[in-house]
Amino acid sequence: MRETPRSQGTAGDTGSGRPQHRSGRAFAHTTGASGSGSPHGSDGRTAQTPRGVRHTGPVGRPGTTPPVPGRPLSRPSRQLFAVLSRFFSVFSVPRRPWQSRRAWLFALCAVLFVLVTWQAAVGGPVRRADERLELSLAGHGPRPLTELLADLGSVVVALPVLALALGYVVWRGRRDRALAAALTMVAVPVLVVPLKFWIDRRGPLTDATGYYPSGHTATAMVAYGAAALLLAPYAGRRRTVPVAVLLTLATGTGLLLRGYHWPLDVLGSLALGGMLLLLLDRALRAADSRRPQRSGKKTGVGGHGK
């Protein structure tokens, strides 16, 4: 019994019969004769792809099988896509772990400062324990040494150190960094002096008031810390930051051993100074991120000037 010939459109068929039209078949590249009555829109026009360079389908015939691959975007479409991509990229927040850690650290310092200020302003068990601790510490240690440590937070010692760092970065052409550090130092008396009048806390060994927060501790922390951040690009943070931390802790220790401040006074200033230094660090990083474009215009290839 003779087999009935199958249409060439059947997969795996090698017959020579004329292909039959099937619904759903893509004939987008088929060229019809003008006036032939063919329903294809390409009749009477040149095929978009020359016949000799068309890719064959799985049965060896010109054309493609569904789904038809998308055509490449035209140049205006690519430009529009690029513009939209840049627009929506503004709303994407890149993940920067160091920013997240500093944000949490800033929040921790803020919460600590609020709690310490509250306890220093009102009476309670924390303030009574604070006073007992200070009375047990005052007077210990060699007087010349404790006096020297306490004086590290005075303006006649701490400010010249910061001034030297400011002068150096200005000489290196970084006035933007110097301005940020100077404004941070100015913020210390602006914040500390009103708090002293508001809390109006009595000193450990005197009846005078206005001891919270500790001005010496805040001055030491911000002055030495700002100097460390300014010099970090030239000497490295591993060298400058530990020195600033050591000088700040030495100042607080000297103040407690000499009986000049309560522990809560020193702790509150450390929290306040931590917030100011974190803001300064953020400002310096922002200035450094804008620096390559400016230096490329002024000094050529990313120089720092002098």
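**Helix packing, loops and a pocket in an all-helix chain**

The buried residues of α6 are Arg177, Ala178, Ala180, Ala181, Thr184, Met185, Val188, Val192, Leu195, Lys196 and Ile199. Here, buried stands for under 20% relative accessible area, exposed for over 50%, and partly exposed for anything in between, with a 1.4 Å probe run over protein chains only. Helices are DSSP runs of H or I with at least four residues, strands are runs of E with at least two, and both are numbered from the N terminus. The model is a predicted one, so local features need pLDDT of at least 70 and side-chain atom pairs count only at pLDDT 80 or more, while totals for chains, interfaces and linings use all residues. Residue numbers start from 1 along each chain as its sequence is written, and side-chain values use heavy atoms, with hydrogens and water left out.

On the whole-chain level, the secondary structure adds up to nine helices and zero strands, giving the pattern α-α-α-α-α-α-α-α-α along the sequence. Of the 306 residues, 33% count as buried. Contacts (heavy atoms within 4.5 Å) with a separation of 6 or more are dominated by distant pairs: 70% of them link residues 24 or more positions apart.

Back to α6 itself: with 25 residues, this helix reaches 37 Å from its first C-alpha to its last, close to the 36 Å expected at 1.5 Å a residue. The expected span is 1.5 Å times one less than the number of residues. The same check works on α5, where 17 residues (155-171) should span 24 Å and the end C-alpha atoms sit 23 Å apart, which agrees.

What lies on the buried side of α5? Ala158, Leu162, Ala165, Leu166 and Val169 are its buried residues. Seen down the axis of α5, they fall within an arc of 100°, so they line one face of the helix; the arc is that of the directions from the helix axis to the C-beta atoms. This buried set packs against α6 and α7. On the other side of α5, Val156, Leu164 and Trp171 are exposed. After the helix comes Gly173, with a positive phi near 85°.

The α7 side of this packing can be followed through Ala227, which sits in helix α7 and counts as buried at 5% relative accessibility. Ala227 touches Val161, Leu162 and Ala165, neighbours within four places in sequence being left aside. Ala227 and Leu166 are 61 residues apart in sequence, yet their C-alpha atoms are 7.5 Å apart in space.

Between α6 (175-199) and α7 (215-235), the backbone does a couple of odd things. Most residues other than glycine have a negative phi, and most peptide bonds are trans. Just after α6, though, Asp200 takes a positive phi of about 55° although it is not a glycine. Asp200 belongs to the loop between α6 and α7 and is partly exposed, at 43% relative accessible area. Further along, a cis peptide bond joins Tyr212 and Pro213, with omega at about -10°; Pro213 is found in that loop too.

Two buried polar or charged residues are worth a look. Thr251, in helix α8, is buried with a relative accessible area of 0%. Beyond its neighbours within four places in sequence, Thr251 is in contact with Leu149, Ala150, Leu152, Gly153, His216 and Ala220. Asp281, in helix α9, is buried at 4%. Not counting residues up to four places away in sequence, Asp281 touches Arg102, Leu229 and Arg237.

Finally, the second largest pocket has a volume of about 500 Å³. On a 1 Å grid over the protein atoms alone, a pocket is an open set of points with protein on both sides within 12 Å along at least five of seven lines, unlike a cavity, where a 1.4 Å probe fits but cannot get out; lining residues have an atom within 4 Å of a point. Grid points are joined across faces, edges and corners, and the volume is the space filled by probe spheres set on the points. The lining counts 20 residues, with Met221, Val241, Val245, Gly274 and Leu277 nearest the centre. Two or more residues each come from α2 (97-121), α7, α8 (237-258) and α9 (263-298), and α8 gives the largest share, six residues. By type, the lining divides into 14 nonpolar, three polar and three charged residues. Ala, Val, Leu, Ile, Met, Phe, Trp, Tyr, Cys and Pro count as nonpolar, Asp, Glu, Lys and Arg as charged, and the others, Gly among them, as polar.
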